[in-house]
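Let's take a friendly look at how two chains meet. Please have the structure open as you read.

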Amino acid sequence: MRRGLVLVAAILAFAMPSAQAQGPRVEPPPGAVPAPTIGGPAGSGVPPSVPPSIPGVPATPDLVVDLSQARVSITSAFQGENILLFGMFDPPGEVVVVVQGPAARDTVLRKERFLGLWLNTGRQAFDDVPAYYAIAASQPLQRMLARGTGGEILSLEDRMASVRSVGSRDHDDLIRFRLGLVEVKRREGLYPAAIGQVTVQAGRLFRVDLPFPSRLPEGVYEVRAYLLRDGKIVAAVSRPLPVGKVGFSAQLAGWASHEGELYGLAAILMAVLVGWFGGAVMRRI
Amino acid sequence: MEIYLPIAEQSMNIFVLLALGGAAGLLAGMFGVGGGFLATPLLIFVGIPPAVAVASQANQVVANSISSLQVQWRRGNVDLRMGLVLLLGGMIGSSGGVWLFTYLKRIGQIDFVIAVTYVVMLSTIGLLMLYESLSTYLRRRRNPEAPRGKLHTHYLVHRLPLKLRFYKSKLYISALLPVGLGFVIGILSAILGVGGGFVLVPAMIYVLGMPTTVVIGTSNFQILFVAANVTFLQAATNGTVDVVLALLLILGGVVGAPIGARLAAKLPGVVLRGLMAVLVLAVATELLFELLRTPSSVYSLGSREVLP
């Protein structure tokens, strides 16, 4: 059902090139290479992002993408979510999709056995660690990347090799910490382990499912799609994907972080009221 | 049915949380202690970050203690003077405890300290209770007519300065002792997210020598305010109180407590204390096992800082 809708949407986008013209176009910064067109059906409600500045990418409307949802909304019922990225490209070529969460400093803790007990003895901070990193391709990625994409498309391993360690530590140990970081993130579903499959239909329509776990850091994620021909990027499209709490969850979390004192008092009041009346009611029964 | 906990930042089954609160309430009703000592480790077992588990559990303790204080107060079982003296120590201890908690969290040792403190506390209390209930049981079986042992002994309590008269407790003891006791309970409360009743109640009986009738009410009085202080400070300094989580635990507890009270009325006190001892020891053993077992992964994530 969903798949059908997506196909219809993609075909509509394909059949009506004028739809793209209706959306506002982002002017490239002066001197920059003309940016690829931002795709997606008009009226999806998402303003197109500033396109990535990728040297050597010609301005071609060869690649059009959209997401099944404009944002990841963390509501009270949120349990993680799969978002569908779909689009269309001008064959021939292969499609690679990279999704990246906002970068921040992450600290990895390592346990060691001490007097028979396991406790955290080592810690290492890394800068520029993406909150989330997923990559998907329409054919085995290694083969495509081996032909060289100018370092623009990074596999998870390559991306993680570029995170900067804070402070000094011996090389081998640093590598172990870095692997530990990837391991933890994988366990939490933030670095989906396998390289996702971009499914191509009718030679020009493509789709890929992006999994997001329930424990998802907030921020503006970036979804990038690339069209490759003979190992060269010929088109690239970038879409922002805001991830954030909405509604009740957002209100509570915002309140907790900005007005901790008031939040604390309200929490106490809630407990007193529920404890008082709940206790009184239950004793009657 | 899953619900997203906005501060713990993960989704969790509603019924698991209600059941957890219910179990804590059941214990509260049965044994007259908060049940937090069981609920907090269980929350951590199901995957709630320890910092959030402890802070939210403190919020739950507020509801739990006001619920039983309501009854105790009406029956006149609260020694207000003793409660206030305990509270003086409790406020200082819990404020220091939250500070200590924040520090330990920053250096990445909070999980370890929580676990070790639980193991030490619970195994000591559990063994003492088990010994007490077993020896009482055996003594009564051998000689059912034997008089009960002395309720309290007089030594340290009577030598310290700053003596105060506690009319309701029929005590004339140094105020330093209840202040010190309140202080220790306050620290425990802040770090473990418990009311501390499982330590406070025996200490009030055996160390201070208070009559058992006023012990539960007075401890509830002190616990209510200390837990409120911990909730407030945790919310203000760490932002780790999850009210959605706390509300579910409270609702479970509200239902569980009267059931526990009815069960307790049907069982003799010595059996009840023996059961509680076994339960306390089981939790301690499980926590110790967690500390000794080779973890599935030695790596974990500390704090995540978004740099400007």
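This is a predicted model. A good place to begin is a pair of strands: S5(A) and strand S5 of chain B (residues 299-305) run antiparallel to each other, joined over 5 bridges. Within this pairing, Leu109(A) sits opposite Ser300(B) of S5(B).

Now step back to the whole contact, to which chain A gives 51 residues and chain B gives 48 residues. On chain A, the elements that each supply at least two residues of the side touching chain B are listed here.

| Element of chain A | Residues |
|---|---|
| Strand S5 | 103-114 |
| Strand S6 | 117-130 |
| Helix H5 | 171-187 |
| Helix H6 | 247-258 |
| Helix H7 | 260-284 |

Which element provides the largest share of this side of chain A? That is H7(A), with 18 residues. By residue class, the side of chain A that touches chain B splits into 25 nonpolar, 15 polar and 11 charged residues.

H7(A) also has a helical partner across the contact: its axis and that of helix H9 of chain B (residues 243-266) come within 9 Å and cross at roughly 20°. Because angles under 35 degrees count as roughly parallel, H7(A) is roughly parallel to H9(B). Their crossing is right-handed.

Residues of H7(A) that meet H9(B) include Ala267(A), Ala271(A), Val274(A), Gly275(A) and Gly278(A), while among those on the H9(B) side are Ala246(B), Leu247(B), Ile250(B) and Val254(B). The residues of this helix-to-helix contact comprise 13 nonpolar, 3 polar and 1 charged.

How values were computed
Residues numbered from 1 in each chain as written. Chains lettered and ligands numbered in written order. Predicted model: local features only at pLDDT ≥ 70, side-chain atom pairs only at ≥ 80, totals over all residues. Contact = placed C-beta atoms within 7 Å. Helix = DSSP H or I, 4+ residues; strand = E, 2+ residues; numbered from the N terminus. Nonpolar A, V, L, I, M, F, W, Y, C, P; charged D, E, K, R; others polar. Pairing = 2+ DSSP bridges. Axes fitted to C-alpha atoms, helices over the stretch in contact; angles between N-to-C directions. Parallel < 35°, antiparallel > 145°, perpendicular 65-115°, else oblique. Left-handed = near helix turned anticlockwise from the far one by under 90°.
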